[in-house]
Amino acid sequence: MTSASTNDIEFRSVTKRYGSVTAVSDINLTVPRGAFVALLGPSGCGKTTCLRMIGGFEQPSEGAVYIGGDPMNGVPAYRRPVNMVFQQYALFPHLDVEQNVAYGLKQMRPRIAPVEIARRTQEALELVRLGGYDKRRIHELSGGQQQRVALARAIVNKPKVLLLDEPLAALDKKLRTAMQIELQSLQRELGITFVLVTHDQEEALSMSDLVCVMSTGRIVQIGPPQEIYDRPASLFVADFVGKTNRIAATIEPDASAIRFANGVSLQKPSRANGTVGPALVALRPEAISIVRAGDATLQGIVTHRIFLGSSVEYSVEVDGLGDFLVTADRRSLDESALAEPGERIGLVFDPNAMHVFPA
Ligand code: ATP
């Protein structure tokens, strides 16, 4: 096998143990060349361990990682066509911006000509929009600028794969959103494969082509962001990626209805996954509409209302079913239509948005 493979990264039956702890358990994963993939999951699920095995900082206990079609077992980190951006950036404080970015190129053997180093360094700095900052010291930069220096340093030697370990964690919300957009355009511009580790579902959904959801050392779902959000494969994914309401229900064999724990029956959802008997339904807050109390069979009392700018989030105590979260788009509401805390309202569920799982 050679680098002619169109898959940049492959995990083949990869397990990683640390003593008695199994951090990663029999993972199979294929990342196409030039894709932006996010490894998403709660703390301790094995994301960083996967990243470190791609980077060569850890070796699999079983199985193998392939990059560009080549097996990487036994290949040390510095020999891999891969660079990593760390959460803490790991910049050299005593060097200026240019020296930080050029550092890796200066270590390369055979040596690269100084003019070539200068040219590539400038090119990388321009790409991260830090042209003109060459002589600044690291402590003279903002958090966002330090992040860009770390990025420039990681792309300067044109790796095939860039690994990003929670690269935006240290930035405030506004800067993080701006950097998410920039990282995405940078990836498109460079055309190299990005692997991002994050526990922030919004970040994973907004930036990547492919989201790989992990739980306790395993991949539980992999797919494009919209598919993960709209068709979660399990309650775990529905809960972890986006907000969700869980509703206890029963689907009678041969019946065309779903009956909730409070006795209310609705038309059986299209996505019942063949479930019959006791079930749990996952329903997104935005798939519930608020109507006048008399206009719906499901009713409840508004307990809280939170303005989120473009949307309004309601907590509703639904009769016989408990607490629900309902999100309404502000555009679809005029001020007089806003339900008040304490008000009795009706709720309509979108049957096509109900995901049914066996209880
Ligand atoms: P986080 O989001 O908190 O960084 P993660 O999903 O990246 O978590 P990993 O760092 O990959 O998770 O860790 C997976 C599991 O392996 C955890 O249970 C962790 O405690 C364990 N682990 C990781 N590194 C080591 C190590 N060097 N020695 C022993 N156990 C380890």
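**Close-up views of a predicted model**

**View 1. Around the ligand, the largest share of the shell, 3 residues, comes from α1.** The model shown here, and in every view below, is a predicted one. Two elements, β2 (21-32) and α1 (47-55), each supply at least two residues of the shell. Take a walk around the ligand and you will meet Tyr18, Val21, Ala23, Gly41, Ser43, Gly44, Cys45, Gly46, Lys47, Thr48, Thr49 and His199. Sorted by class, this shell has 7 polar, 4 nonpolar and 1 charged residues.

**View 2. Helix α4 is mostly covered, with 10 of its 13 residues buried.** The helix runs over residues 143-155 and reaches 19 Å from its first C-alpha to its last, close to the 18 Å expected at 1.5 Å a residue. Its buried residues are Gln146, Gln147, Arg148, Val149, Ala150, Leu151, Ala152, Arg153, Ala154 and Ile155. What do they pack against? Their partners are two strands, β6 (82-85) and β7 (161-165), together with the helices α2 (97-107), α3 (114-127) and α5 (173-190).

**View 3. The largest nonpolar core holds 91 residues.** Within this core, Ile54, Ala152, Val195 and Cys212 touch the most other members. Helix α4, from the previous view, gives the most to the core, with 6 residues. Both domain 1 (7-235) and domain 2 (243-358) contribute, each with at least three residues. As a general background to such a view, nonpolar side chains in soluble globular proteins tend to be buried together.

**View 4. Here is a closer look at Ile54 and the residues it touches.** Leaving out residues up to four places away in sequence, Ile54 touches Ile9, Val65, Val82, Val161, Leu163 and Val195. Val195 should be familiar from the core, where Ile54 and Val195 are among the residues that touch the most other members.

**View 5. Tyr133 sits in the loop between α3 and α4.** Is this residue buried or partly exposed? Tyr133 is partly exposed, because 19 other C-beta atoms lie within 10 Å, while a buried residue needs 20 or more. Apart from neighbours within four places in sequence, Tyr133 is in contact with Val97, Leu125 and Gln145. Asp96 is worth finding too: Tyr133 and Asp96 are 37 residues apart in sequence and 8.9 Å apart in space, C-alpha to C-alpha.

**View 6. The domain assignment divides the protein chain into domain 1 (7-235) and domain 2 (243-358).** The C-alpha centres of domain 1 and domain 2 lie 39 Å apart.

How values were computed. Residues are numbered from 1 along each chain as its sequence is written. This is a predicted model: local features need pLDDT of at least 70, side-chain atom pairs count only at pLDDT 80 or more; totals for chains, interfaces and linings use all residues. A residue is near a molecule or strand if its C-beta atom, placed from the backbone, lies within 6 Å of it. Helices (H or I, at least four residues) and strands (E, at least two) are DSSP runs, numbered from the N terminus. Ala, Val, Leu, Ile, Met, Phe, Trp, Tyr, Cys and Pro count as nonpolar, Asp, Glu, Lys and Arg as charged, and the others, Gly among them, as polar. The expected span of a helix is 1.5 Å times one less than its number of residues. A residue is buried if 20 or more other C-beta atoms lie within 10 Å of its own, exposed if 12 or fewer, and partly exposed in between; C-beta atoms are placed from the backbone. Two residues are in contact if their C-beta atoms, placed from the backbone, lie within 7 Å. Domain bounds come from an automatic or database domain assignment. A nonpolar core is a set of buried Ala, Val, Leu, Ile, Met, Phe, Trp, Tyr and Cys residues joined through C-beta atoms within 7 Å.
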